[in-house]
Amino acid sequence: MSINLIPPKIKQERKLNKTLYEAVLGFWIIFACTIIFASAIYFYNSSLSSSLQSWQEKIDDQKTKNKPLAETESKIQKLNNKLIKIDNLITSRTNWSTVLESIASATPKNIQVTNLNLDRASGQIAIQGIATTRTDIAFMKEKLEENDKFSTVTFSTSSFNEQTNDYNFNLNMNLNQKK
Amino acid sequence: MFKIKNITIQIIILLVSITSVLLFFIKPTINEIKSSKHSLKQKQTDLINSTEKYEALKKASKNEVSIAQIETKILGLYPDDKDISNFIINLEKLAKNENLTFNNLSISEAKSSGKKAEASSVQFDFNTSGSYQQINNIVKKLEQFARVNTINNLNLSIKGENDINLKVTGHIYYGK
């Protein structure tokens, strides 16, 4: 059995010294770790920079390779732009031949169309004609209304011509245009 | 007492050094790494795109003949300039094929609405007379014409099945 005869003041001082040494050692270890980590990221960053540089060189090489083909590229680009414009014009325009065919197929045999005006900007179609009976005009109006190309078919006037024994009429309608 | 003071100074110096390394080296380097990684990814994508473009252009340049053919067709549909004379020649040919003659053919500068996206165009008007079949055919053929066009107004005055007067107002387009 040993007896510690060291006075409590010195004992306390030694304890404090030990704690301080441990703290210093701890900070040195943290400092060393920080330096090691800083070095590691420094090297990683350097390798990334050189990798970036090599990729840039590859891109520059590829661009140099692409240069002689720039003329073909601009030609294709120009043609593509034109094709887009052509496509827009063709898809947005009205195919009047199908409109004419639809009007012709809706016209009964007893009706003679004398004037037909089709306007794209207003979407208005005006039909003037001669019919033997008002029933024929009504039939034509009904047929036109059934066609989804046309809307708001209005039968504006019809007058009986005593000399020719038939009816002059006007039909107006809207063309359902593509949007 | 002197020892304690010495150790405390040491700890303070170490703390200041660690903080400085963290703040002035590690943090900016990590940020730099982040941005480098991002630009590396970007560069890899750029290279892939550039290589793909090269391969496509190489293939395309081998087919220069077909590009030239496509270009001729597209320029026919939508020329760089007004090219009115060619349009008139083709329109006359079209009429001749249908045994029609134009009583009146006029070309005028189209009124622009001032919209930037609007295509440059030239307005054309013509009058012709024929049978319903001839008129229907010429309207159909105008839709498939070698020069892209839009018909804005169509007027038919019908005197008899074989005597229909057609008046057309339309636009042809041009530009680069």
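The legends below describe close-up views of a predicted model of two chains, A and B.

Local features are given where pLDDT is at least 70, side-chain atom pairs count only at pLDDT 80 or more, and totals for chains, interfaces and linings use all residues. Residues are numbered from 1 along each chain as its sequence is written, and chains are lettered from A and ligands numbered from 1 in the order in which they are written.

**View 1. Chain A and chain B by element.** Chain A has four helices and four strands, in the order α-α-α-β-β-α-β-β along the sequence. Chain B also has four helices and four strands, and its pattern reads α-α-α-β-β-α-β-β. Helices (H or I, at least four residues) and strands (E, at least two) are DSSP runs numbered from the N terminus. Of the 179 residues in chain A, 13% are buried; in chain B the share is 15% of 176 residues. A residue is buried if 20 or more other C-beta atoms lie within 10 Å of its own, exposed if 12 or fewer, and partly exposed in between, with C-beta atoms placed from the backbone. Among contacts in chain B between residues at least 6 apart in sequence, 67% join residues at least 24 apart. For chain A, residues 24 or more positions apart account for 51% of the contacts with a separation of 6 or more. A contact means that the C-beta atoms, placed from the backbone, lie within 7 Å.

**View 2. The side of chain B that touches chain A.** Here 55 residues of chain B are in contact with 54 residues of chain A. On the chain B side, helix 1 (2-62), helix 2, helix 4 (132-143) and strand 3 (149-160) each supply at least two residues. Helix 1 of chain B gives the largest share, 33 residues. By class, this side of chain B has 30 nonpolar, 15 polar and ten charged residues. Ala, Val, Leu, Ile, Met, Phe, Trp, Tyr, Cys and Pro count as nonpolar, Asp, Glu, Lys and Arg as charged, and the others, Gly among them, as polar.

**View 3. B:Tyr54 in helix 1 of chain B.** B:Tyr54 lies in helix 1 of chain B. Because 16 other C-beta atoms lie within 10 Å, B:Tyr54 is classed as partly exposed. Not counting residues up to four places away in sequence, B:Tyr54 touches A:Gln62, A:Lys65, A:Asn66 and A:Leu69.

**View 4. Helix 2 of chain A against helix 2 of chain B.** The axes of helix 2 of chain A (residues 70-92) and helix 2 of chain B (residues 64-77) come within 10 Å and cross at roughly 40 degrees. Axes are lines fitted to C-alpha atoms, for helices over the stretch in contact, and angles run from 0 to 180 degrees between N-to-C directions. From chain A, the contact uses A:Lys75, A:Leu79, A:Lys82, A:Leu83 and A:Ile86; from chain B, it uses B:Ile67, B:Ile70, B:Glu71, B:Ile74 and B:Leu77. These residues divide into seven nonpolar, no polar and three charged.

**View 5. The sheet that runs through both chains.** Eight strands form an open sheet in the order 3(A)-4(A)-2(A)-1(A)-3(B)-4(B)-2(B)-1(B), with antiparallel pairing. Strand 3 of chain A (150-161) and strand 1 of chain B (102-109) stand at the edges with a single partner strand each, so one side of each has no neighbour in the sheet. The twist averages 15 degrees from one strand to the next. Strands pair if DSSP finds at least two bridges between them. Between the chains, strand 1 of chain A (residues 111-119) and strand 3 of chain B pair over five bridges in the antiparallel sense. A:Leu116 stands opposite B:Leu156 in that strand of chain B.

**View 6. Strand pairs within chain A.** Strand 2 (residues 124-131) and strand 4 (residues 166-175) of chain A run antiparallel and are joined by eight bridges. A:Ile125 has A:Met173 of strand 4 as its bridge partner. Nine bridges join strand 3 of chain A to strand 4 of chain A, also antiparallel. In that pair A:Phe155 stands opposite A:Leu171.

**View 7. The largest nonpolar core.** This core has 38 residues, and A:Leu116, A:Leu144, A:Met173, B:Ile135, B:Leu154 and B:Leu156 touch the most other members. A nonpolar core is a set of buried Ala, Val, Leu, Ile, Met, Phe, Trp, Tyr and Cys residues joined through C-beta atoms within 7 Å. Strand 4 of chain B (residues 163-174) supplies the largest share, five residues. Leaving aside neighbours within four places in sequence, B:Ile135 is in contact with B:Gly130, B:Leu156, B:Ile164 and B:Leu166.

Notes: Two residues are in contact if their C-beta atoms, placed from the backbone, lie within 7 Å.
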